[in-house]
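Please look at the sequence and the three-dimensional structure shown below. The paragraphs that follow explain the arrangement of the strands and the pockets, step by step.

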Amino acid sequence: MKPQELEAIGQAVQETVDRVARALRTPYEESEPQEDIFHRLQLVAQRNPVYASALLAAVYADAHRDPRIEALRDDPRLLGAIEQLCGQFEPSGVTIRVRVNVPALPRTLHGWHSDVAIAAPVTPGSTCHTVLGACWIPLADTSPDTGGLELVSTPQERPLPHERSEEGRFVIPDALLAGLPRQAISVSAGEAAVIGRYTPHRSLPNTGNRVRWSVVAWVKGLQQQPAPA
């Protein structure tokens, strides 16, 4: 993605935080509106993690509806990246979400999981099992030390079993990953890490002082032929 596209997404996130901060009873100034998106929630969380979590919840729930982010659903670059991963397919939809890793909010870490945990509909009408892959796009350069990702580096033909964690998330138990090769990756701003539907991955602790923002696009469809060799 081009720098101006990343800037537009960042502005959409900033405006989402602004709207919610103005709606809450906490004084708007405590949301650190003068800061950019890479420092704002970190400063808030250091002082008031509950308030920071409330602001962040709005981003998770609503920021993807902004036209500047929603436009990614029709971006041919996403479909092309997934076609390189899994071969030709008939697309059926793209789900876009904003994700974050805040150093002062450990709860923003996500343990080992795959984007498709069950290779069948979970509920009538569910389409989660049709995800073919994901494009993970950071808004700034990201490394293993600044909240990047770690992946299992061998292809998986089926999802590993998931269990519900104490935080209520579905994660893969560590014991099931024993012996599997892993790779912590660095991704430049606007580049995409393309992740297979069954690939176990997790977010790494952010040891810096900047918030790691990313946009994730899950591409759904019907695979027409095996992935290229």
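Two strands count as paired if DSSP finds at least two bridges between them. With this definition in hand, one bridge may serve as a starting point: Ile-137 has Val-215 in β9 as its bridge partner. The wider pairing is that of strand β2, residues 131–138, with strand β9, residues 212–223. These two strands run in the antiparallel sense and are joined over seven bridges.

Before going further, the reader should know that this is a predicted model. The protein chain has a mean pLDDT of 92, and 95% of its residues reach 70 or more. Among the elements of the chain, the highest mean pLDDT, 98, belongs to helix α2 (residues 40–47), whereas the lowest, 89, belongs to helix α5 (residues 76–86). Where pLDDT is low, predicted coordinates should not be read in detail.

The pair β2 and β9 can now be placed in its sheet. Which strands form this open sheet, and in what order? There are four, arranged as β1-β9-β2-β7, and their pairing is antiparallel. In general, strands of a sheet pair through backbone hydrogen bonds, either parallel or antiparallel. The edges of the sheet are taken by β1 (89–101) and β7 (193–196); each has a single partner strand, so one side of each is left without a neighbour in the sheet. On average, neighbouring strands of this sheet are turned by 20° against each other, direction ignored. A helix accompanies the sheet as well: α3, residues 49–62, lies across β1 and β9 and runs at about 170° to β1.

Attention may next turn to the pockets. The largest pocket has a volume of about 1,100 Å³. Its lining consists of 31 residues, and those nearest its centre are His-110, His-113, Ser-114, Asp-115 and Trp-218. Which elements give two or more residues to this lining? They are β1, β2, β9 and β8 (201–203). By character, the lining of the largest pocket divides into 15 nonpolar, nine polar and seven charged residues.

The second largest pocket holds about 380 Å³ of space. It is lined by 17 residues, of which Leu-85, Pro-155, Gln-156, Gly-196 and Arg-197 lie nearest its centre. Helix α5 and strand β3 (149–152) each supply at least two residues of this lining. Here the lining residues divide into eight nonpolar, seven polar and two charged. Helix α5, which contributes to this pocket, is also the element with the lowest mean pLDDT in the chain.

Methods. Residues numbered from 1 in each chain as written. Predicted model: local features only at pLDDT ≥ 70, side-chain atom pairs only at ≥ 80, totals over all residues. Heavy atoms only, no water. pLDDT = per-residue confidence, 0-100. Axes fitted to C-alpha atoms, helices over the stretch in contact; angles between N-to-C directions. Contact = heavy atoms within 4.5 Å. 1 Å grid on protein atoms, 1.4 Å probe; cavity = no way out; pocket = protein on both sides within 12 Å on 5 of 7 lines; lining within 4 Å. Points joined across faces, edges and corners; volume = space filled by probe spheres on them. Nonpolar A, V, L, I, M, F, W, Y, C, P; charged D, E, K, R; others polar.
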